[in-house]
Amino acid sequence: MVLIKTFDSENKPTETEKEQLIDFLYKHLEQYGDPRADIEKCADYALKERPSFGGFILTSHAENDELTGVVIVNETGMLDYIPENILVYIATHHGYRGQGIGKALMNKASETAKGNIALHVEPDNPARHLYEKVGYTSKYIEMRLIK
């Protein structure tokens, strides 16, 4: 059984919990991660601690309360032409992979989000298969102009 906690602007994590989930993502995103400061900013947007549309954070825990997974979803403030939500980060503890935690977090994120969800995934990321299993499809190839 996967125990999942939900945090948002109405139900915020403690500062210690927030630091733990940011550190967790920084470590367990591995080569697909971002700088810690970017992960913290994303969490701040989800919790409306910076001007934003909000979002939510999900954490999963083992029976001993060890953190086993984290998801951060930000609301985009858009509708129809851009999904209303973007799943920015998802990671599971490397010692707990293959136990259904990622799938449980993805399903809970789908239940919790109001509206559609987009996510970005690198083509070689093995998690891509999980996303497809829970219903995500590839609609576009993303292109960016980095200034």
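In helix α2, which covers residues 36-46, the residues Ile-39, Cys-42, Ala-43, Asp-44 and Ala-46 are buried. That makes a good entry point to this structure, which is a predicted model. What do the buried residues of α2 pack against? Their partners are helix α1 (15-28) and the strands β2, β3 and β4 (85-92). Just after α2 comes Lys-48, which has a positive phi, near 60 degrees.

**The chain as a whole**

Stepping back, the protein chain has four helices and five strands. Read from the N terminus on, the elements follow the order β-α-α-β-β-β-α-β-α. The radius of gyration is 15 Å, close to the 15 Å that the globule rule gives for 147 residues, so the chain is as compact as a globular protein of that length. Taken along the principal axes, the C-alpha atoms fill a box of roughly 40 × 35 × 30 Å.

How much of the chain counts as buried? The share is 36% of the 147 residues. The chain exposes about 9200 Å², and carbon and sulfur atoms supply 51% of that area. Contacts also reach along the sequence: among those between residues at least 6 apart, 57% join residues at least 24 apart. As for charge, there are 17 positive and 23 negative charges, and their mean positions are 3 Å apart.

**A closer look at strand β2**

Strand β2 (residues 55-61), one of the elements that α2 packs against, is mostly covered, with seven of its seven residues buried. In a regular strand the side chains alternate between the two faces of the sheet. In β2, Gly-55, Ile-57, Thr-59 and His-61 point one way, while Phe-56, Leu-58 and Ser-60 point the other way. Buried or exposed, what are the residues on these two sides? All of them are buried.

β2 also pairs with two strands, β1 (residues 3-7) and β3 (residues 67-75). The table sets out these pairings.

| Strand pair | Sense | Bridges |
|---|---|---|
| β1 and β2 | antiparallel | five bridges |
| β2 and β3 | antiparallel | seven bridges |

Leu-58 is a handy landmark here: Thr-6 stands opposite Leu-58 of β2, and Leu-58 in turn stands opposite Val-71 in β3. The link from β2 to β3 is a hairpin with five residues between the strands. Which residue in the turn has a positive phi? It is Asp-65, at about 75 degrees.

Definitions and conventions
Residues are numbered from 1 along each chain as its sequence is written. This is a predicted model: local features need pLDDT of at least 70, side-chain atom pairs count only at pLDDT 80 or more; totals for chains, interfaces and linings use all residues. Side-chain values use heavy atoms; hydrogens and water are left out. The radius of gyration is taken over C-alpha atoms; the globule rule is 2.2 Å times the number of residues to the power 0.38. Buried means under 20% relative accessible area, exposed over 50%, partly exposed in between (1.4 Å probe, protein chains only). Contact means heavy atoms within 4.5 Å. Accessible areas come from the Shrake-Rupley method with a 1.4 Å probe; for residues, only the protein chains shown count as cover. Lys and Arg count as positive and Asp and Glu as negative; His and the chain ends are not counted. The place of a charge is taken as NZ of Lys, CZ of Arg, CG of Asp or CD of Glu. Two strands pair if DSSP finds at least two bridges between them.
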